[in-house]
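The following report describes the strand pairing, helix packing and selected backbone features of one protein model. The sequence and structure are shown first.

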Amino acid sequence: MIVIAAIWISILLAVGGFALNRLLTDSLVRNFDEGIELVLRSMIASSEIGTVGEIRFSRQLADQRFIESYSGSYFQITPLPGPDGKTPQVEDYPSRSLWDRRLAVVPDAVRGTETRKYDSSQFLGEPLRIVERDVIIPGSPVKWRYQVAQSRENLDSQLKELRTTLTWSFAVLGLGLVMLAALQTFYGLWPLRRVRSEVIAIRSGAKTRVSDDFPDEIQPLSQEINQLLAHNEEQAEEARRHAGNLAHALKTPLTVITNAATARDPELHDTVCREATTMRRQVDHHLARARAIGRRASAQARAPVWESLQAVQRAVTRMHEGATVDIAGDKGSQVRVERQDLDEMLGNLVENAAKYGSGRVFVTVEKSAPFVDILVEDDGPGIPEEQRTELFTRGKRLDTTGKPGTGLGLAIVRDVAEIYGGRISLEESEDLGGLLARLSLPLG
């Protein structure tokens, strides 16, 4: 930021300095020329023709430098050749200050009556500024060229002093502006250094949150950092809680196995198999939750409901012969859930409906902002309302027919849905007469 500011300031000052130099230079030269031109007009106004056709002044010029030798102020009145190219037999009229020198006259110059201004270096070591004009004096057949020359030494000295003053003034101004930009940048970015220091303090354990006493521009950053810290703490706490739940769930089966092995129980084989099955379903349950929590961080997660339902439909109809799964509703709905987790939730619900119903499953997709409702209905005997909440208890089964299962399907569906901000409820199917599971997931 400081380098860009320095470059931009330098460019602007260079352009501004060049423009100001041109403006002031033109002003000084114009004032200088106006002074010379004033003398020229005064000479023309006081000129008259003498007895032999020469030029003379009716009044003396006020500037005494014209009578001082080599004073730097000169004039010269020169007769110009006529149209026939012959030079008039009239002498020119130089100022005494020219002494033994003469101003150069270019006869072939434009023979107009306009005033011409130009620089000349015809005198060695003395640059001149010349203003000239061709004039016809009444009573004279000759055209006269009036020339007034002024030494440029004073003008050049003023221009040099002006440019020197502009140079160091703009240099000081540029340096001051760059220092001000650096100070402004340093002061403006100082709150970010404070944020960095506080993040270091948080990492070292000295603080738990970033302070709120920041400028308005930095407060959104500090708030986001604090929200990120809170989110990480929630995830860490959730991970610790799941680890504790898993440890607690595995503790009882391991104790049973250990006690059976220590007592040399003749049914040790059955005990190990039974408790190992219990441990496996607990591990599966917690792994499913852990995967969902890990994938939830992806804010771009989108999954098409219809494609997932079609995949589940093919899998369930192959697993359960005679079962029919019909799908209806909004085909374009998407949910903010990872596809793998959506497949797992829908697979559990549709498989349960096919397993515990009479073989007919009807799935409806309804968009009800800000959610997408997925209704899974079966034609089974249904479940009394007072017993429906028990199905979400891990390991709890109301089925007494001996069909294989772990009792974790609905618990997994509920936990994963809640992780993504969704929910599940159990109702009675009005069309098929069995159970209706309503899964609501955030609309994508």
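In this predicted model, β9 and strand β11 (residues 360-368) are paired in the parallel sense through 6 bridges. Within that pairing, Asp326 stands opposite Phe362 of β11. Helix α5 packs on the sheet and touches β9, β11 and β12 (371-378). The direction of α5 makes about 170 degrees with that of β9. Helix α6 also packs on the sheet, where it touches β9, β11, β12, β13 and β14 (435-442). The direction of α6 makes about 170 degrees with that of β14.

The sheet in question is open and consists of 5 strands in the order β9-β11-β12-β14-β13, with mixed pairing. Because β9 (324-329) and β13 (423-428) stand at the edges with a single partner strand each, one side of each is left without a neighbour in the sheet. The twist from one strand to the next averages 20 degrees.

**Packing of α5 and α6**

Two packed helices are described by the angle between their axes and the distance between the axes. For helix α5 (residues 305-319) and helix α6 (residues 339-356), the axes come within 9 Å and cross at roughly 45 degrees. α5 and α6 are therefore oblique to each other, and their crossing is right-handed. On the α5 side, the contact is made by Val305, Glu307, Ser308, Leu309, Ala311, Val312, Val316 and Met319. α6 contributes Arg339, Leu342, Asp343, Leu346, Gly347, Val350, Glu351 and Ala354. Sorted by class, the contact of α5 with α6 has 10 nonpolar, 2 polar and 4 charged residues.

**The antiparallel sheet**

A further open sheet is formed by 5 strands in the order β4-β3-β7-β6-β5, with antiparallel pairing. Its edge strands are β4 (93-94) and β5 (116-123), each of which pairs on one side only. The table lists pairings for which bridge counts are available.

| Strand pair | Sense | Bridges | Opposed residues |
|---|---|---|---|
| β3 and β4 | antiparallel | 2 bridges | Ile77 and Tyr93 |
| β3 and β7 | antiparallel | 7 bridges | Ser73 and Gln150 |
| β6 and β7 | antiparallel | 9 bridges | Asp134 and Arg145 |

How much of strand β7 is buried? Of the 9 residues of β7 (residues 143-151), 8 are buried, so this strand is largely enclosed by the rest of the structure. In the sheet order, β7 stands between β3 and β6. Strand β3 (residues 73-79) pairs with β7 in the antiparallel sense, as does strand β6 (residues 126-136). β6 and β7 form a hairpin with 6 residues between them. Gly139, in the turn of that hairpin, has a positive phi of about 90 degrees.

Helix α1 (residues 2-45) lies across β3, β5, β6 and β7 and runs at about 40 degrees to β6.

**A contact between distant parts of the chain**

Leu166 belongs to helix α2 (residues 153-204). Its relative accessibility is 13%, below the 20% limit for burial, so Leu166 counts as buried. When neighbours within four places in sequence are left aside, Leu166 is in contact with Leu20, Asn21 and Leu24. The C-alpha atoms of Leu166 and Asn21 are separated by 7.5 Å, although these residues are 145 residues apart along the chain.

**Backbone features**

Most residues other than glycine have a negative phi, and most peptide bonds are trans. Which residues other than glycine have a positive phi, near 55 degrees or near 60 degrees? Tyr70 has a phi near 55 degrees, and Trp99 has a phi near 60 degrees. Tyr70 lies in the loop between β2 (55-57) and β3. With 43% relative accessibility, Tyr70 counts as partly exposed. Trp99 is placed in the loop between β4 and β5. Its relative accessibility is 55%, over the 50% limit, so Trp99 counts as exposed.

A cis peptide bond runs from Ala369 to Pro370, with omega near 5 degrees. Pro370 is located in the loop between β11 and β12.

Terms used: Residues numbered from 1 in each chain as written. Predicted model: local features only at pLDDT ≥ 70, side-chain atom pairs only at ≥ 80, totals over all residues. Heavy atoms only, no water. Buried < 20%, exposed > 50% of the residue type's maximum accessible area, 1.4 Å probe, protein only. Helix = DSSP H or I, 4+ residues; strand = E, 2+ residues; numbered from the N terminus. Pairing = 2+ DSSP bridges. Axes fitted to C-alpha atoms, helices over the stretch in contact; angles between N-to-C directions. Parallel < 35°, antiparallel > 145°, perpendicular 65-115°, else oblique. Left-handed = near helix turned anticlockwise from the far one by under 90°. Contact = heavy atoms within 4.5 Å. Nonpolar A, V, L, I, M, F, W, Y, C, P; charged D, E, K, R; others polar.
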